[in-house]
Amino acid sequence: MSDTAAAVTVRPRKPRPQIRSYVLVIALAAFTLFAARQIGFRWGSFIDMWTNPLWDRFWPVPWDWVFNRHNVFDPLIETFQIAIISTVIGCSLALPIGFAMSKLTTPSTPVFWVSRFVMNIVRAIPDLLWGKLLVTAIGIGAFAGSWALTIFSLAVMVKLFSETVDAADPLPLEAARAAGGRHTPAVRTAVLPDVFPAYVAYALYVFELNIRASLVLGLVGAGGIGRVVETQRSTFNFDRLLGILIIMFAIVIIIEQISVAIRKRLV
Amino acid sequence: MIVFDDVSVTYRGGVQALKNVSLTIDDGEFVVVVGLSGAGKSTLLRALNGLVVATSGSITVDGTEVVGASTKTMREVRSHVGMIFQTFNLVNRTTVMNNVLMGRLAKVPAWRSTLGVWTAEDREHAFQAMERVGIVDKAYVRASNLSGGQQQRVGIARALAQEPRIMLADEPVAALDPVTTHQVMGDLQRINRELGITTLINLHFLDLARHYGRRLIGLRGGELVFDGDISEVDDDTFREIYGRAITPDDLLPESADA
Amino acid sequence: MTAADVIVPEQSDPPTGRPERPMAARNWRIGITAAIIIAAMWSWTGLDASFQDVLDAPGKGWNIVKQMWPPDFKTVVDRGAVGKIFESLYVAWIGTMIGAIISFPLSFFGASNVAPAALRVPIRLLFNAIRAVPELIVAMLLLTVTGLGPWAGALAIGLHSVGTLGKLSTEVIETSDEGPLEAISAAGGTFIEKMRWGMVPQVLPTVIGYWLFRFEINVRASAVLGLIGAGGIGGELVSQLNFRNFPQVGAVLLMVIAMVLIIDTISGFARRRIIAGSGRKIDDDDHNASTEALAGLLLGDSIMRPNKPND
């Protein structure tokens, strides 16, 4: 029996890579070179951008100014407020809309397609563009920023959440329906417990995203610490800028650590 | 020739996997190592090619001392020692050919192996190794698309591509069904006979050992408790190695034909 | 219920065998919900907006959307909007390339199954530090200091991508199968050979998938960079918005949406091909993994476990 195994002696030919793959590789390389030229790529800039004398003006950080409550602390609070309220509202709305966007739990096919279509469009516009648009529509300030982040986090959240619902176990829902449950209570009792931990994990994620976004929203006039960054930049107070950056850096790291710790406990 | 002289292996954490093992294996022998899991079978094989470092004692492979050898010497020794694994240890995402060519790594200059520019000779060795285990028709198939038995043959071909003088097989059939088990064991036996490669195989099932082995080494708790011809093995030997009487669980489930 | 209380008062172990309703979890839930509501209310006070503002906002938004219709493509195209769309794509592509090329080799030295702690810890710190700085800020600084334009944007995106891709690639490497590496060691292979033949083929498909994902994200980021003057389509949007030329704004927005959706589609197709090409069937798990990867990539963190490359 074992000897029959050795009987196969026909050596297969090495399959040639398809011409398509060569074309693809060459095309991508050419595109890369072309793109680099178009945007002004220069090897030298890797070096001479660091030798720019302006970098010296980032130091020393005027900590007195940075720790003055009015300069940094208050705008930071505003940043947090934007992030919190957008996360809370965005994620709350995402729960029903997310269910509507999953094949498993959608109340009707038109709702499914319309919500998907709208949310895909919303998500295609980056968060800061939303900020700029809403500042134009409803005025400069944190209120516009909150709207922007609410809309964007809703769109991200429903995408994540609805795909989790898609992957949920359909059998309990079938059982709940078989027991004569109406649509909403059936989803509430049969699907929600299954997907809720994922929902919470994603919500924490969206919160992190919103914190990061709200730090820079002010660059387009939508409130928060970014407003201070923009003012200090336009007046070339680079030393103050570095101070703000260090604080932002610390905040992002701390929030991430907290979020990771909570998510670990969820799993 | 392989000589273990008073070899002990203690893992970090204090577990003593081998205790003062001494044995000599001549060229061309077909040796089966049996014992419970944790008896030190795997450690014995891995100490030989330096994947596990012996704590004390001396291991020589064809006269080269392995214990405390330099990285360079160790690679030189390993290039002559093929190894087959329980879990096959193939790169599933690449072709059978690429997997088998890994057996040639120690024989080619670094730039060739890094760039993947193999010589015709390397490919010839790979093809011959695949032909010997009957998987040459799968040469350009992705390893993940093969069955378990076929994957283990790729593992054997990879070891053969090294042109080894010694072949180590660490529970090569533990992940296979009875029929493929006999095919793979048959392959190993045939390779030992035809090429005269010294072969050491770890096995869990005693009846497989009896069926294929010529010399049997029994380990228990890291100590050598039996070393002799397979014909000397009886139920007492079994009790000595396994610490209890033989049960049906220790035998390979009945297969169609061996 | 009350009757039972009367018959067996103060008894901790109900004779019926019915367990008591666990209250701890419920209290937690109420507590957390309350905390969230309080936080939201506190946040509301900081927005300096009245309830009326909230009711008015959708109307104001709609008002603008109405003015955007019909979109005026002619004007913006004459102003070179198509070229700017492509400029955004170039910036995203070059940024992704920089990120991929720098992060891939580094990520090996950040992996616990490859590198010693002395090497691993600093590299991981580097990845995490990079990730914590918003790319928009980096671009802004580079732009102000060096005056480079789109190339500064690409550098900022590239730098950020080094952090996010580095972290993800490191995790892919850490979850790889050790078996092939052991086999190569046993055959006398060197460290470089172990990486080249045992590790790279295992991790590359997943890692390239991440590169493509990052490209999708970077396309969005590069569209934003124009807001601060780093070139691309964002700049056009800002100038049209500042002059309140809403039909033109509508046209630019539609172009941005089209760009993002087209790139997502192409990249998504390529990713699926790569997964399929790596010998696995595309199934629900992949679908799911891709969602989680999306979540991860937005932040450059991984909520997901990277696909175990060996099943």
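1. Let me start with the helix pair across chains A and C. In this predicted model, helix α7 (residues 127-138) of chain A packs against helix α3 (residues 51-68) of chain C at an angle of about 105°, and their axes lie 9 Å apart. Angles of 65 to 115 degrees count as roughly perpendicular, so that is the label for α7(A) and α3(C).

2. Which residues make that contact? From α7(A) come A:Thr136, A:Ala137 and A:Ile138. From α3(C) come C:Ala57, C:Lys60, C:Gly61 and C:Ile64. By type, the residues of this contact split into 4 nonpolar, 2 polar and 1 charged.

3. Now the whole interface between these two chains. On the chain C side 56 residues are in contact, and on the chain A side 52. The side of chain C that touches chain A consists of 41 nonpolar, 9 polar and 6 charged residues.

4. A word on confidence in chain A. The mean pLDDT of chain A is 88, and 96% of the residues score at least 70. Where is the weak spot among the elements? Helix α1 (residues 2-5) of chain A has the lowest mean pLDDT, 44, while helix α5 (residues 69-100) of chain A has the highest, 93. The pLDDT is below 50 over residues 1-8 of chain A, and this stretch still has 19 contacts in the model beyond near neighbours in sequence. I'd flag those contacts in any figure legend.

5. Chain B meets chain C too. Here 26 residues of chain B contact 23 residues of chain C. On the chain B side, α2 (71-79) and α4 (110-115) each supply at least two residues. That side of chain B divides into 9 nonpolar, 12 polar and 5 charged residues.

6. Within chain B there are two domains: domain 1 (1-80 + 166-244) and domain 2 (87-163). Taken over C-alpha atoms, their centres are 24 Å apart. The contact between them draws 12 residues from domain 1 of chain B and 13 residues from domain 2 of chain B.

7. What does domain 1 of chain B put into that contact? The elements giving two or more residues are α2 and α7 (178-195) of chain B. Of the elements on this side, α7(B) gives the most, with 5 residues. By type, the domain 1 side comes to 6 nonpolar, 3 polar and 3 charged residues.

8. Next, the sheet of chain B. Its 6 strands run in the order β6-β7-β8-β3-β9-β10, forming an open sheet with mixed pairing. Why do β6 (81-84) and β10 (223-229) of chain B each have one side without a neighbour in the sheet? Both stand at the edges and have a single partner strand each, so one side of each is left free of a neighbour in the sheet. On average, neighbouring strands are turned by 15° against each other, direction ignored.

9. At the β10(B) edge, strand β9 (residues 215-220) of chain B pairs with β10(B) in the antiparallel sense, over 6 bridges. To pick a spot to look at, B:Leu216 has B:Gly228 in β10(B) as its bridge partner.

10. Finally, back to α7(B). This helix packs on the sheet and touches β3 (30-34), β7 (166-170) and β8 (198-203) of chain B. The direction of α7(B) makes about 160° with that of β8(B). Recall that α7(B) also gives 5 residues to the side of domain 1 of chain B that touches domain 2 of chain B.

Key: Residues numbered from 1 in each chain as written. Chains lettered and ligands numbered in written order. Predicted model: local features only at pLDDT ≥ 70, side-chain atom pairs only at ≥ 80, totals over all residues. pLDDT = per-residue confidence, 0-100. Helix = DSSP H or I, 4+ residues; strand = E, 2+ residues; numbered from the N terminus. Contact = placed C-beta atoms within 7 Å. Nonpolar A, V, L, I, M, F, W, Y, C, P; charged D, E, K, R; others polar. Domains from an automatic or database assignment. Pairing = 2+ DSSP bridges. Axes fitted to C-alpha atoms, helices over the stretch in contact; angles between N-to-C directions. Parallel < 35°, antiparallel > 145°, perpendicular 65-115°, else oblique.
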